[in-house]
Amino acid sequence: GVVVVMHAVVWFWRSRVVTEPYMDEVFHIPQTQEYCQGRFDQWDDKITTFPGLYLVMAVPSLVVRWASTVFPSSSPVHASLGFLLCSVKGLRLCNGLVFGGLSALLSFEILGEVHPGISSEDAFLNALAINLFPVYFFSADLYYTDAGSLALVLLALLLALRRRHRASGVAAVGAVLFRQTNVVWAAFVLAYDLHSQVNPKGRSGGLLGLPRDLGRVLRGAWVHRARLARNNWITVALMAAFAAFVAKNGGVVVGDRDAHKPKLHLAQFLYCCTAVAGAHFLVHFDPRSPFVRALSGASKARVLLIAAPLLAAFCLVIRRYTLVHPYTLADNRHYTFYVWKNYLGRSEVHRVALAPLHLFSAGSLVHRLARTQPPLVVLAAFACAAATTALAELLEFRYYITFYAIHSLLSEPMSRTKAAGTCAAFLAANVALEAVFLFRPFTWPDGSVARFMW
């Protein structure tokens, strides 16, 4: 309820100030409005995603149109209602309240499933922190795919946790229809589900137990292959269908392919790790954190033996696999423009100087997740994070949202004090970002109004 009220407040102010479609909404909203009118043969070639969001959001309007044919006497009322549902305000409201509220509820439920001993208060605060993550919270109240995309991924995970395997597969299909890269997170949910079915005992001795964990899972999967096939055939079929789509389509995106070609941008995975760790700074950068204590308790020689080659590898990745998309350089409405202009793009030295921070962040994230999850799940989570970030040339913080949510849900929950502190910090950041977006516009050379955003 708290999250829904917050989204409603944001919607109220944006409805008053930003009355026209903004940024990518200029593609998403008109396309949905075409579907609201039943014109399913119309498609904007600039749209890169599948039409899942547009189809779902058009359903209420189509139901109203059908009702007007059944009850002709009330057609004017139905026409007005249909218009409101598919207006800029109506679409934003449904997106933020329905999907934003659903994500919050699902986060709370998943925390209870993964961490059975967690109190309702702690689950509430941790779920609130996940859903106040500034990049996500801001985007959820625009008519973007972020809110629905995350909600469906979380729904697939929750259903898998509750042993509703085929329903989880259906939710995964919905997630991919909202955003293609969710096929990666569908694969993660599948891996998590399979692991839970064949090796439900949980941890296997930290990351050093990876070979043993892998052996158990492979043996269990072979023994129970018939049951696993019955339970998870929908998700497996989704993977196969998506692979066929990519082969026929020649890529992942639907439209505007020239601007969204996959390129090896490994540095973005490092940015992702640092951003996710930084979001929970009270946990990961606490001098008393388990990771810091583990480093302090280990011999300096051992730490150096492990850290030195990793740091060298991180420096190599930064030097050879840092890319900058033309959009990043050209669009000063995005905060990433200023991140690149004022720091990352200044010199290679500036970028390499962040390598120790990236290494510490990644190490802390791995260590925290490994405290509650078996090695294969840890490996799968980071592999999926890399797959969804390291092939994108565009520097885009929104690509980090799902990994942030998954990591936060599956790793050890924050203490009540730290969760409350994180929520307070996120709330302050969201208020500031919203104020800048609404009340500090500037004018582009073409005379249009521009606003700062992620």
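**Exercise 1. Where along the chain is the place of M23?**

Solution. This is a predicted model, and the place of M23 in it is the loop between α1 (2-17) and α2. The next step is the backbone: M23 has a positive phi of about 55 degrees although it is not a glycine. The last step is its cover, for which the cut-off is that buried means under 20% relative accessible area; because M23 has 12% relative accessibility, M23 counts as buried.

**Exercise 2. Find the place of R163, and decide whether R163 is buried, partly exposed or exposed.**

Solution. R163 belongs to the loop between α8 (146-161) and α9 (165-178). Its backbone shows a positive phi of about 65 degrees, although R163 is not a glycine. The relative accessible area of R163 is 44%, and therefore R163 is partly exposed, since that class lies between the limits of 20% and 50%.

**Exercise 3. Describe the chain as a whole, starting from its secondary structure and going on to its dimensions and its surface.**

Solution. Begin with the secondary structure, which comes to 23 helices and two strands. Then turn to the dimensions: the C-alpha trace spans about 80 × 55 × 50 Å along its principal axes. A compact globule with 454 residues would have a radius of gyration near 22 Å, and because the chain has 23 Å, the two agree.

The next step looks at cover and contacts. Of the 454 residues, 50% count as buried. When the contacts between residues at least 6 apart in sequence are taken, 77% of them join residues at least 24 apart. The chain exposes about 20900 Å², and carbon and sulfur atoms supply 67% of this area.

**Exercise 4. How many positive and how many negative side chains does the chain have, and how far apart do the centres of the two sets lie?**

Solution. The chain has 41 positive and 25 negative side chains, and the centres of these two sets lie 10 Å apart. Side chains of opposite charge can pair when their charged atoms come close. In this chain, with a side-chain nitrogen required within 4 Å of a carboxyl oxygen, the count comes to 15 salt bridges. Some of the charged residues are joined further, for D146, R179, E396 and R398 are linked in a network of salt bridges.

**Exercise 5. Work out which parts of the chain the salt bridge between E25 and R92 links, and whether its two residues are buried or exposed.**

Solution. First take the pair itself: the side chains of E25 and R92 meet in a salt bridge, at 2.7 Å from N to O. The pair links distant parts of the chain, with E25 in helix α2 (residues 25-36) and R92 in helix α5 (residues 88-114), 67 residues apart. Then consider each partner: E25 has 0% relative accessibility and so counts as buried, and R92, with a relative accessible area of 2%, is buried.

**Exercise 6. Set the salt bridge of R333 and D331 beside that of E412 and R371, giving for each the separation of the closest N and O atoms.**

Solution. R333 forms a salt bridge with D331, and the closest N and O atoms are 2.8 Å apart. R333 counts as buried because its relative accessibility is 16%, and D331, at 13%, counts as buried.

In the second bridge, between E412 and R371, the closest N and O atoms are 3.0 Å apart. This pair links distant parts of the chain, since E412 sits in the loop between α22 (401-410) and α23 (416-439) while R371 sits in the loop between α20 (355-370) and α21 (375-389), 41 residues apart. E412 has a relative accessible area of 29% and is therefore partly exposed, and R371, at 35% relative accessibility, counts as partly exposed.

**Exercise 7. Which residues does V10 touch, and which does A160 touch, not counting residues up to four places away in sequence?**

Solution. Start with V10, which is found in helix α1 and is buried, with a relative accessible area of 9%. With residues up to four places away in sequence not counted, V10 touches F137, D141 and E434. V10 and F137 are 127 residues apart in sequence, and their C-alpha atoms are 9.7 Å apart in space.

Continue with A160, which lies in helix α8 and counts as buried at 5% relative accessibility. A160 touches S168, V189 and D193, again not counting residues up to four places away in sequence. The C-alpha atoms of A160 and V283 are separated by 28 Å, and these two residues are 123 residues apart along the chain.

Key
Residues numbered from 1 in each chain as written. Predicted model: local features only at pLDDT ≥ 70, side-chain atom pairs only at ≥ 80, totals over all residues. Heavy atoms only, no water. Helix = DSSP H or I, 4+ residues; strand = E, 2+ residues; numbered from the N terminus. Rg over C-alpha atoms; globule rule 2.2 N^0.38 Å. Buried < 20%, exposed > 50% of the residue type's maximum accessible area, 1.4 Å probe, protein only. Contact = heavy atoms within 4.5 Å. Areas by Shrake-Rupley, 256 points an atom, 1.4 Å probe, with all protein chains shown as cover. Lys, Arg positive; Asp, Glu negative; His and termini not counted. Charge placed at Lys NZ, Arg CZ, Asp CG, Glu CD.
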